[in-house]
Amino acid sequence: MSRIPGGGIAIALLVRVLVFSTVVTLVLTILQLTLSYRSERARLESRFGEIDQASSRSLSESLWALDSKQLEEQLEGIVRLPSIRAAEVRETASSAHSLTVLRGERQASRSVVKEFPLACCGQHPEVIGVLRVEATLADIYRELATQAFVILLSNAAKTFLVAFFILFVVHRLATRHLLDIAASIGSVNPQVEAPPLQLRRQQVKGDELDQLVDALNAMRERQAQHAAELANANARMATILDNIPDLAWVKDAGGRYVAVNRALITTLGFEGPGQMIGKTDFDVHPPELSRGYRLDDAEVMASNASKRIEERHVRLDGGITLVETIKTALRDRDGRVTGTVGIARDITQRQQAEADRVARQVAEAANQAKSDFLANMSHEIRTPMNAILGMSYLALQSGLNPQQLNYVQKIHGAAESLLGIINDILDFSKIEAGKLDIEAIAFNLGDVMEGLGHLVGMNAEQKGLELLFALPPQLPHALVGDPSRLRQVLLNLCNNAVKFTECGEVIVAIAVAGREAHCIDLRFEVRDTGIGMTPDERQRLFQPFTQADSSTSRRYGGTGLGLSISRHLVQLMGGEISVDSAPGRGSSFHFTLRFGLQPEPAEAPSREGSLPGRRALVVDDNASARELLAGMCTSLGLDVDTAADGRAALQMAQRADADDRPYGLVLLDWKMPGLDGVQCARLLGQEEGRRHAAPTVLMVTAFSRDDAQRQLVQQQVSVGALLTKPVTPSSLFDACGEALGLARARAPRAMQRQEALLGHQAHLRGAHILLVEDNAINREIALSVLGDADITVSVACDGREALAMLARQRFDGVLMDCQMPVMDGYAATRALRQQPQWRDLPVIAMTANALVGDRDKVLAAGMNDHVAKPINVNELFATLARWIHPAAAPDDPPSIDRPAGIAATMGDEDLYLRLMRMFRDRETDFAQRFRAARASGDTATAMRMAHDLKNVAGTLAVRGVHQAATELERACLDELDDAGIEPLLRNVDRLLRPVMAELVALG
């Protein structure tokens, strides 16, 4: 049994039990003694009564008889009774000689006296004396004391036994377990996981101690969990504080560091927090800084608030950094200020960033000023440029004599060159502003290459250079990307190659660098045999306003912007341009771009279908051109031989004819040393003794097609077809098919563009347009260009005048200049859009502004489209035709020219009516069928439907529908998108509806 601790619950309980038992025992003893005393007194009184009854008569008779002896004996008997100490009889009848008999001793105290009268004799007894009995209380008191002692002793024994038993039980059942619980609780360490508390006894279900132990164990678990959470939180906080770049610390009221983070330790050059804890600012900082820190701390503690301060800190290397410090008073749970908490952030870089921001704002303001200047200069330069280009264009159409034509062509060419320089400067401005956008539209790579060949070929021809295209035979042409920017980059590289090449060739090569399901990577290369560059020149090459050296700039001209712009354009399209070059060995510029692939048509026409197996001879004095052309022929399935000059070609042709392996096709270069292509072609046709038919000649020329044709006519030489360099697989296939009579030659793209222009002009014929222009020269140019297309033009000189004219008469569209006095084009357009009758009126902007955001500004003002000055005639009419649809004039001819239709059927009116009914039944839902075909991607069917409608309507003399269907077919041939096709289709449907309504009456 474990020792019972003094002062514990068990001893306290023991004392309280003893005290309580003693008090209860005393109270009960007193109560019992009181009852015993009363009982004894009652017994004594009863004894007195018995003495009275038993002795009073006999004593009265003895007293009457004065028999003292008898009285003594009787009194002796009374005295012998318990507690009776004295008995006396005293005569009271005579006063002289009264008789008194006493037995026993009188009691001085603690006695009870009782007197009884003695009466005697006769019928009327008289009192003759008194019996006086004296009893002592000492016996009762003695009895009570003995009784009290016995009671107290027995109760005390029982009390002590019970108390010690309770002490034992309490200690056994509770105290020792409480001591165990106390010891267990006292040994709890939050850092050490302790086993759960268990009592040294068998567990009693529902016992209070077990419940207490369970509660304590649960509390210990919660405490351990809380301690773990607190430790984790402290660890997280410590990790956060140690990993934030800011300096953090806590100081007590005396300025001593009590907590620091790693950033502060590292900054001040200490190895661990222990080296700083307990130190003051004076121990770690210079005195002048420390005094300032202490003053700030005192101010924060006195104000019981926070303070933001910009102050200096000393780094480990002794350098001074500017920091922004937030100091806050540290308070305990009672709200008393016990120190400070500080966080400091290095704002040196922020201050530098702010300085940089201010500098950037200044630079942006300067850029904005430059952009505004460029915008104004663009407008000011483009306005006279529009006059020069417009007037020279009109002059070229006016039938000039050869000398005048030469002068005006040079003026027009110089103006276009100047416009190119202006566009380069504007593109550079857009690039600097970061607002040059790259489109992602469907285009044909063949169109880009053909346009490149036309633009560069003339310059190459003038310098006697060969411009060659090296294209793989299976190169896809239907791509998705930005054709204009691709053309701009290639054109710049090719022009530079021609500019810096005196002799030899310029080759544009395209190779497939990678292909996926919906995209393709194409590697473009432009290489020349020019002057080349040194490594130092290559390093400076792509810097703006820079050429290889100043002498190059003086010799060859140019702004030095082209390559810088090209590099940025290639980067915006996702590539990187590079150059390989050496002095005297030419240069090679190359880059790789990713393009999307358009969906393949349902039935792609085969190129090689009728060419494989045919024998062909390629004749060219330029080895590179000869090799490329032979490779393309081979890819088409031709069996190809090559010759380096005309004499060798004639010999090879004769030998092939003699070997019964004649050439079916000879591809002859026109300009060759010695025997040129025209002479060689004439000799090939004049050979005698030929066993087989003369081969078909396909004349290849890098020079003017018209000049070659003229030379052939003059020398009376016939060739199967003319092929203009640079040659592409597509143009070669078409020329071969034309020369061999295997397919109808496609119209050249230039002719297609001219046909498109004529179609747009035909669509606009009869339109009434309001021209709003303040410049007289621009008005004259626009009036001449539009008037030649049979467009009626009314003129307003500013926006206010335009609004007044719109209120007076009806127009099909408005051609609006943007910058005008009184009211500019933006304000005028916003004003007319507020009127319901003009909300759908087409308004086309015509402005010299060509900087970033000009088109967006035009569209935001409510205009439909934008045409830049100087005016490009093709773009002008294409844009007008896209939006403007002339209303039918009141005097328009009837929808159906019946007499002309009957005449077309040889006067057979019944036949004409049957054809008209067939036309009605077939073409009623033309617009729906056409849209469905376009929606399904079947553009070939849609084009054939427009073609059929055009032919039938022309045959039946449905004039309006015939013209509209012609324009729709031409748009299909031009591969316009839905935005360009839909207005033309709506025009066909508009003209077709009244025709169908008229034909319904035929039954």
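Here a colleague questions a modeller about a predicted model.

Colleague: In what order do the strands of the five-stranded open sheet run?

Modeller: Strand pairing in this sheet is parallel. Its edge strands are β23 (792-796) and β26 (865-868), and each pairs on one side only. From one strand to the next the twist averages 25°. The order is β23-β22-β24-β25-β26.

Colleague: Which residue of β23 is the bridge partner of Leu770?

Modeller: Start with the strands. β22 covers residues 768-772 and is joined to β23 by five bridges. The two run parallel. In β23, the partner of Leu770 is Ser794.

Colleague: At what angle to β23 does helix α22 run?

Modeller: Helix α22 spans residues 799-808. It lies across β22, β23 and β24 (813-816). Its angle to β23 is about 130°.

Colleague: Which strands does helix α23 touch?

Modeller: Helix α23, residues 825-833, packs on the sheet. Its direction makes about 160° with that of β24. The strands touched are β24 and β25 (843-847).

Colleague: How many disulfides does the model have?

Modeller: A disulfide is a covalent bond between the sulfur atoms of two cysteines. The test here asks for a pair of cysteine sulfur atoms within 2.5 Å. By that rule the count is zero.

Colleague: Is Cys818 buried or exposed?

Modeller: Compare the cut-off first: buried means under 20% relative accessible area. Cys797 has 30%, so that cysteine is partly exposed. Cys818 has 0%, so Cys818 is buried.

Colleague: Which element gives the most to the largest nonpolar core?

Modeller: This core has 41 residues, and those with the most contacts inside it include Leu445, Leu486 and Phe595. Elements that each supply at least two residues include α10 (445-462), α11 (483-499) and β16 (587-597). With seven residues, the top contributor is α11.

Colleague: Which residues does Phe595 contact, leaving aside its neighbours within four places in sequence?

Modeller: Phe595 is among the residues with the most contacts inside the largest core. Its partners include Leu479, Val480, Gly481, His518 and Cys519. The others are Phe443, Leu486, Ile520, Leu522 and Phe524.

Colleague: How far apart are the end C-alpha atoms of helix α30?

Modeller: Helix α30 has 15 residues, 959-973. At 1.5 Å a residue they should span 21 Å. The model agrees, because the end C-alpha atoms are 21 Å apart.

Colleague: Which residue with a positive phi follows α30?

Modeller: Within α30, the buried residues include Val961, Leu968 and Cys972. Cys972 also belongs to a second, separate core of 31 residues. After the helix, phi turns positive, near 60°, at Glu975.

Colleague: How many residues of strand β4 are buried?

Modeller: Strand β4 takes in residues 126-136, 11 residues. The strand is largely enclosed by the rest of the structure, because the buried ones number nine.

Colleague: Which residue of β4 is the bridge partner of Arg90?

Modeller: Strand β1 (residues 84-91) is joined to β4 by seven bridges. These two strands run antiparallel. Opposite Arg90, the partner in β4 is Val130.

Colleague: Which residue in the turn of the hairpin of β3 and β4 has a positive phi?

Modeller: β3 (residues 111-120) and β4 pair in the antiparallel sense over 10 bridges. Ser111 stands opposite Thr136 in β4. Five residues lie between the two strands of the hairpin. The one with a positive phi, about 125°, is Cys121.

Terms used. Residues numbered from 1 in each chain as written. Predicted model: local features only at pLDDT ≥ 70, side-chain atom pairs only at ≥ 80, totals over all residues. Heavy atoms only, no water. Pairing = 2+ DSSP bridges. Helix = DSSP H or I, 4+ residues; strand = E, 2+ residues; numbered from the N terminus. Axes fitted to C-alpha atoms, helices over the stretch in contact; angles between N-to-C directions. Contact = heavy atoms within 4.5 Å. Buried < 20%, exposed > 50% of the residue type's maximum accessible area, 1.4 Å probe, protein only. Core = buried A, V, L, I, M, F, W, Y, C linked by side-chain atoms within 4.5 Å. Expected span 1.5 Å × (residues − 1).
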